[in-house]
Amino acid sequence: MNTKTLEALEFPKIINAIIGQSLTPYGSEHTHRIEPLHSLDAIRARLAEAQQMRDIALFGAPFPLERLDDIREALKRASVEGSRIDADEFRRIQLTLAVTAKLKAFNKGERDNMPDLAVHLEALGTFTELKDAIERTFDKYGEIRDTASPALRKIRNDITDTRQRVINKLEKSLRSRTKSDGWQDDVVTQRNNRYVIPAQANLYRASDGILVDHSQSGATVYFEPPFAVELNNQLTLALKNERLEIDRILIELTTLVRNVSGALQETLKTIGVLDSLHAQAQFAVKTDSIAPRVIDEATIDLVKARHPLLLFYTDDKDSIIPLDLTLDDSHQGILITGPNTGGKTVALKTIGLLTAMTQSGLLIPAEERSTVGIFNDIFADIGDEQSLELSLSTFSSHITRVIEAIKAADERSLLLFDEIGAGTDPAEGAALAEAIILEALAAGARMIATTHYSQLKTLPLEHAELENCSLEFDRESLQPTYRLLLGLPGSSYAIEIAARLGMPKRVIERASAGLDSNERSLAELISTMESQLKQMRSDSATLTEKLEASEAMERSLKERLENHEKELSDQRESALAETDELLNETRQEIERLVKEIRESDAEKSKVKEAHRSLKEQTSKLESARANKSKKPAGTKRSEVLQPGDQVWINSLRISGEIAELVGKDRVRVRVGNILNLVKREDVLRADVATPGAKPRRDPIGLRAETAAAPEIHLRGLTVEEAKEKLDKFLDRAVLSEMSQIYVIHGKGSGTLRKSLTAFLKSHPVVKSVQIGDWNQGGAGVTVVQMK
């Protein structure tokens, strides 16, 4: 893809920001090589890997990657036969192997949730022999152990013994020497790698021993007594043998490194891929980025898209206004107008940058339902590219880029023009801009252009494939709102802004009078349309709020009705069971009576007894039928109800308190914190309620409800709405004795999931929280274990 375009869209800054999150030089190099792709399968594969790593960063166990130094130079030196790499390099190799082993073992039991990442984890090498050999040789501080070899242990034991002998003899000699008053330098020391003792220069005699060194002032000399010479020679020889043995051990270890050098190089490449994906995930989490839907068409459909660099470098993400925009066959080109500093260039860069990022397999800050197609090339003419080297003016530089774009434009091209036709005579610039736009549309390219030319604002009226778009501007505060308004051209507001900044009134009046009548009419029309659109947006927000409240009430009432119907169904089933039991008992009694009559040859006393018993069973059956069909008695018209009375609501089968009498036929009853308007005949004072109508009380003051299924859907709700609904569902789950529930919240940007996870972890009835498996919905579902 065009390098100048990527620079104009600030794509290299995205790459550098991701590199800043890397932990290894291999990951930094891999990230630096990221560039837009043109293969649908390759793009989807990259996005899948990035999305899976992002889910791990948000919901999984910590990814076991640490900062690593580059060991490739050490591996290169190790490739030479008989070579030796030093202890520090082995320490870096040891850390690399330890991290490799952790990565190799990461999440082995749950890799079905991250199949694309699992491929890379499985590709990591296993270097058990080398890892164990290095650990046997070096301690945790990077020093070579005494046990690295039997020979080294013996040599170091000899060194320790010889050193102690020479020190002991020197200390004894030092104590026997004559010293002047105040002499303090009375300790065995080393000079030129030999143990010596100090003496005052004026007291030293050549017969005392070999002079080895003296102090800087010359007042103290250091000499080696004759008895210490042989011991120091033995110690020097032992130290030389130690160095030779260490060299032998390191050469042997280097040979092991050389034997696995090729496999280790491949593992470093895999670590680079994983580190790059981990860095991308960290960037995605900070910018609320997701994987959009990718299709093999020249299409862009961005929903709530924001500029990633603005998100990355700010703590106030809500201040970044999202934009919605569509480019396809029916919306081939978009013309963005509006005031300076209104956000036109940022919008243009956002669209181009997110397209390039998607084609590079990078996650983008937008809604998951966004769609991005594949373009063979993106041409961007953005900013002042005056070229002193080529002696080109700003206008010439712009036109050179535009010519390049127009010549190469086709159905798979995305053209981005900032202030098209600017930098020259306005009339000629507008005419040239119009011709360029129409040429781009004729070539089938997708195009977005920003402009201040009023002449261009009428083009969409003549060309259906071109659409007007503007950045909203608040005329009252004369400040941009940065909201993208599709279908509405914008005004530059140059005169209004100049007046606000203090331009003299007479200058403003003269400028207004100098406007062409058509220009004034267009400006007034745009102003009227903006005012109407603002009012429509306010009305829409109000209606949406009311609609949501109505839908919430409808859901609540529907849920209550379903619960009530279930209770009635349960009661009917219970009544039928009791009736069946009674019928069975009656049948058995009749059979017994018939048997007795037959056995007694129909004696009169037995017949009378049978009639009496049969009559009793019939009476019981009729009584049972009457009880099951009988409705609970309601409040008589003559019975007086007053606010504060405790009553039983027959239809809801729950107790409450009269809050208000409404007319002659209705009452408002408070049940917990909820007010219910019911018919007067549907309530019964608690002191006269039937014994069978026992009120059920809920310890938290709400009606106990039965959770119909162990799952709750929270997609589309705000965090507070979701928390409130989830809290009630948890209460119902406890009453239903559920051991596990599923919270379905969707993937989205992750904000709702993080808030609900924190809420669940602090809830007293929740035992544990974990992300759903791939076959349960993955990151869109949270599995909750109940206490």
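Let's start with two phenylalanines: Phe-283 is buried, and Phe-312 is buried too. Please keep in mind throughout that we are looking at a predicted model.

What kind of pair do the rings of Phe-283 and Phe-312 make? Their centres are 5.0 Å apart and their planes meet at 35°, so the pair is tilted. If that way of speaking is new to you, a pair of aromatic rings is described by the distance of the centres and the angle of the planes. Now look at where the two rings come from. Phe-283 sits in helix α11, residues 261–287, and Phe-312 sits in helix α12, residues 308–312, so this pair links distant parts of the chain, 29 residues apart. There is a third ring to add here: Tyr-313 joins Phe-283 and Phe-312 in one aromatic cluster.

While we are in helix α12, have a look at Leu-311, which is located there. Is Leu-311 buried or exposed? Its relative accessibility is 0%, so Leu-311 counts as buried. Leu-311 also has a partner from elsewhere in the sequence: Thr-287 is 24 residues away along the chain, yet the two C-alpha atoms are 5.3 Å apart in space.

Back to the aromatic rings. How many aromatic pairs does the structure hold? There are 5 of them. Another one of these is made by Tyr-204 and Phe-223, a tilted pair with 5.5 Å from centre to centre and 40° between the planes. Here, too, distant parts of the chain are linked: Tyr-204 is in the loop between β2 (194–200) and β3 (210–214), while Phe-223 is in strand β4 (residues 220–224), 19 residues apart. Tyr-204 counts as buried, with 17% relative accessibility. Phe-223 is buried as well, at 1%.

Stay with strands β2 and β4 for a moment, and let's turn to charges. Side chains of opposite charge can pair when their charged atoms come close. Arg-194 and Glu-224 do this, forming a salt bridge whose closest N and O atoms are 2.9 Å apart. Why does this one tie together separate parts of the sequence? Arg-194 belongs to strand β2 and Glu-224 to strand β4, so the bridge joins parts that are 30 residues apart in sequence. You might wonder whether these charged residues face outwards. Arg-194 has a relative accessibility of 17% and counts as buried, and Glu-224 is buried with 3%.

How many salt bridges are there in the structure? The count is 30. Let me show you two others. In one of them, Glu-10 pairs with Lys-349, and their closest N and O atoms are 3.7 Å apart. Glu-10 is in the loop between α1 (3–8) and α2 (11–19), and Lys-349 is in helix α13 (residues 344–359), so this bridge ties together parts that are 339 residues apart in sequence. Both of these residues, Glu-10 and Lys-349, are buried. Lys-13 comes in as well, since Glu-10, Lys-13 and Lys-349 are linked in a network of salt bridges.

The other one is Arg-72 with Asp-70, where the closest N and O atoms are 2.7 Å apart. This time the residues are partly exposed: Arg-72 has 24% relative accessibility, and Asp-70 has 34%.

Next, a word about the backbone. Most residues other than glycine have a negative phi, and most peptide bonds are trans. Which residue has a positive phi of about 65° although it is not a glycine? That is Asn-193. You will find Asn-193 in the loop between β1 (189–191) and β2, and it is exposed, with a relative accessible area of 64%. Glu-419 is also a residue other than glycine with a positive phi, near 55°. Glu-419 is in the loop between β11 (413–417) and α15 (426–442), and at 23% relative accessibility it counts as partly exposed.

Let's finish on the surface. Glu-545, Glu-548, Glu-551, Glu-554 and Glu-721 form a negative surface patch. Which element gives the largest share of this patch? Helix α19, residues 517–599, gives 4 residues. One residue of that helix is Glu-554, and Glu-554 is exposed, with a relative accessible area of 53%.

Key. Residues are numbered from 1 along each chain as its sequence is written. This is a predicted model: local features need pLDDT of at least 70, side-chain atom pairs count only at pLDDT 80 or more; totals for chains, interfaces and linings use all residues. Side-chain values use heavy atoms; hydrogens and water are left out. Patches are made of residues with over 30% relative accessible area and no salt bridge: like charges are joined within 9 Å, nonpolar side chains (Val, Leu, Ile, Met, Phe, Trp, Tyr) within 5 Å. Accessible areas come from the Shrake-Rupley method with a 1.4 Å probe; for residues, only the protein chains shown count as cover. A salt bridge is a side-chain nitrogen of Lys or Arg within 4 Å of a carboxyl oxygen of Asp or Glu. Lys and Arg count as positive and Asp and Glu as negative; His and the chain ends are not counted. The place of a charge is taken as NZ of Lys, CZ of Arg, CG of Asp or CD of Glu. Helices (H or I, at least four residues) and strands (E, at least two) are DSSP runs, numbered from the N terminus. Buried means under 20% relative accessible area, exposed over 50%, partly exposed in between (1.4 Å probe, protein chains only). Rings of Phe, Tyr and Trp (its six-membered ring) pair if their centres lie within 6.5 Å; planes under 30 degrees apart count as stacked, over 60 as edge-to-face and the rest as tilted.
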